[in-house]
Structure formats: C-alpha cells, structure tokens
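Subject: Structure handover and notes

Dear colleague,

Please find the structure below, as agreed. My notes on it follow.

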Amino acid sequence: GFSCACAEGYIAIADDEPISFCADYNECLSGNAKCDSYNGYCVDHDPPQMFECGCFPGHICVDQNCTVCAIDLDHPCYTDNGNCGENARCIPLASNGVRCMCNDGFIWDGTDCNPGETSSSAAPVSAPPPSCETFDCPSPSSRCVMNN
C-alpha cells in the first residue's frame, strides 16, 4: 500500500490517515532555526528555503548562516558614539545610519543635548527626520507603520 507523508519543511495538521493536509513548519517559532535571538532575528520562508537568520542594525554575521551576530565595530555608533555627543547615546540604524537619544536629564535643543528637566529624543544625525521612508524595520518580514 501507499500512504502520504508531508514533504520536507511541512507538518501534518491532523492525526488522520491518510494525511489530508500539511502546513509549513515554522522553524523560527519552534526554535529549530538556531538564529541569534539577542542581536538578530529569524524569518520563516516557505520550503525549500525554510528560514533565514539576520542581524539587527549595528551588528554583523559571524558565521555563514548568520546564527551568531556580533557588534559591528565599524558602525558609526561604535566609533565616536556616532557623533551624538557626550550627553546622548547612539542607536544604530540600517545602512550605517544613526539616531541620537538624549540621556536622562538632558533635552534636545535642535543641535545638541543640554541639561534639562526631561529627556527627549534628539534628531537623527546623518539621517533625515524619522518617517516610513527613512525608518528601517529590523526584520525583512516587518513593515513600517506610522503611529499617531
């Protein structure tokens, strides 16, 4: 006799015989992908590719499959704090872009972070003001949504 089995990368949805329906097995959600879960991300694909690992901005792949991500010491945030100044922290964006955020107790005055009562976001350095055209989502499967 013959029986049905799910193709590689698929799992049976029900325990019926013969197998009536197979669905894509999500390696990312199952944890089988072994992507860097701290400095990177996993994107599930339909077979035969299965899944893809990647690194967040400011990080680079250490191995061929990108299962380990390390700080990219050549990124502007890690060289001179991305020109954000001593009262701000640098947040890495894709394509070596940066966003400067004022430290607590400092506010953005249009050109620098100065002492103040509240902390606020500084304007991006070497990048236009935030918008969906300039905002980089960390995962290829995500998209920018403008919040009100």
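Helices (H or I, at least four residues) and strands (E, at least two) are DSSP runs, numbered from the N terminus. With those terms, the place of Asn87 is in the loop between S6 and S7; more on Asn87 follows below.

This is a predicted model, where local features need pLDDT of at least 70 and side-chain atom pairs count only at pLDDT 80 or more, while totals for chains, interfaces and linings use all residues. Residues are numbered from 1 along each chain as its sequence is written, and side-chain values use heavy atoms, with hydrogens and water left out.

Overall

The protein has 1 helix and 10 strands. Read from the N terminus, the order of elements is β-β-α-β-β-β-β-β-β-β-β. Buried stands for under 20% relative accessible area, exposed for over 50%, and partly exposed for what lies in between (1.4 Å probe, protein chains only). Of the 148 residues, 27% count as buried. The exposed area of the protein is about 9800 Å², of which carbon and sulfur atoms supply 53%; areas come from the Shrake-Rupley method with a 1.4 Å probe, and for residues only the protein chains shown count as cover. A contact is a case of heavy atoms within 4.5 Å. Among the contacts with a separation of 6 or more, 18% are between residues 24 or more positions apart.

Confidence

pLDDT is the predictor's confidence in each residue, from 0 to 100. The average for the protein is 77, and 71% of the residues score at least 70. Two stretches need care in reading. Over residues 124-130 pLDDT stays under 50, and the model has 13 contacts beyond four places in sequence for them. Residues 138-142 also stay under 50, with 8 such contacts.

Cores

A nonpolar core is a set of buried Ala, Val, Leu, Ile, Met, Phe, Trp, Tyr and Cys residues joined through side-chain atoms within 4.5 Å. The largest one has 9 residues: Cys77, Cys84, Ala88, Cys90, Val98, Cys100, Cys102, Phe106 and Cys113. Strand S7 (88-92) and strand S8 (98-102) are the elements that give two or more residues to this core, and S8 has the largest share, with 3 residues. A second, separate core of 6 residues includes Cys35, Cys53, Cys66 and Cys69. Cys77, from the largest core, touches Gly82, Cys90, Ile91, Pro92 and Val98, not counting residues up to four places away in sequence.

Asn87

Polar contacts are pairs of N or O atoms within 3.5 Å; within protein, one must be able to donate a hydrogen and the other to accept it, and residues adjacent in sequence count only if both atoms are side-chain atoms. Asn87 is buried, at a relative accessible area of 19%. Its side chain reaches the backbone oxygen of Cys113 at 3.3 Å. Leaving aside neighbours within four places in sequence, Asn87 is in contact with Cys102, Asn103, Phe106 and Cys113. Three of these names, Cys102, Phe106 and Cys113, also appear in the largest core.

His59 and Asp74

His59 is in strand S5 and is buried, with a relative accessible area of 18%. A polar atom of the His59 side chain lies 3.3 Å from the backbone oxygen of Pro57. Beyond four places in sequence, His59 touches Asn39, Cys69, Ala70, Ile71, Asp72 and Tyr78. Asp74 is in the loop between strand S6 (69-71) and S7 and is exposed, at 67%. From Asp74 to His59 the C-alpha to C-alpha distance is 9.6 Å, at 15 residues apart in sequence.

Strand S3: Asp44 and Tyr41

Asp44 is in strand S3 and is partly exposed, with a relative accessible area of 24%. A polar atom of the Asp44 side chain lies 3.5 Å from the backbone nitrogen of Glu27. The contacts of Asp44 beyond four places in sequence are Asp24, Tyr25, Asn26, Glu27, Cys28, Met50 and Phe51.

Rings of Phe, Tyr and Trp (its six-membered ring) pair if their centres lie within 6.5 Å; planes under 30 degrees apart count as stacked, over 60 as edge-to-face and the rest as tilted. The count comes to 1 aromatic pair. The rings of Tyr41 and Phe56 have centres 5.6 Å apart and planes at 40 degrees, so this pair is tilted. Tyr41 is in strand S3 (residues 40-44) and Phe56 in the loop between strand S4 (51-55) and strand S5 (59-61), 15 residues apart. Tyr41 counts as buried at 17% relative accessibility, whereas Phe56 is partly exposed at 25%.

Regards
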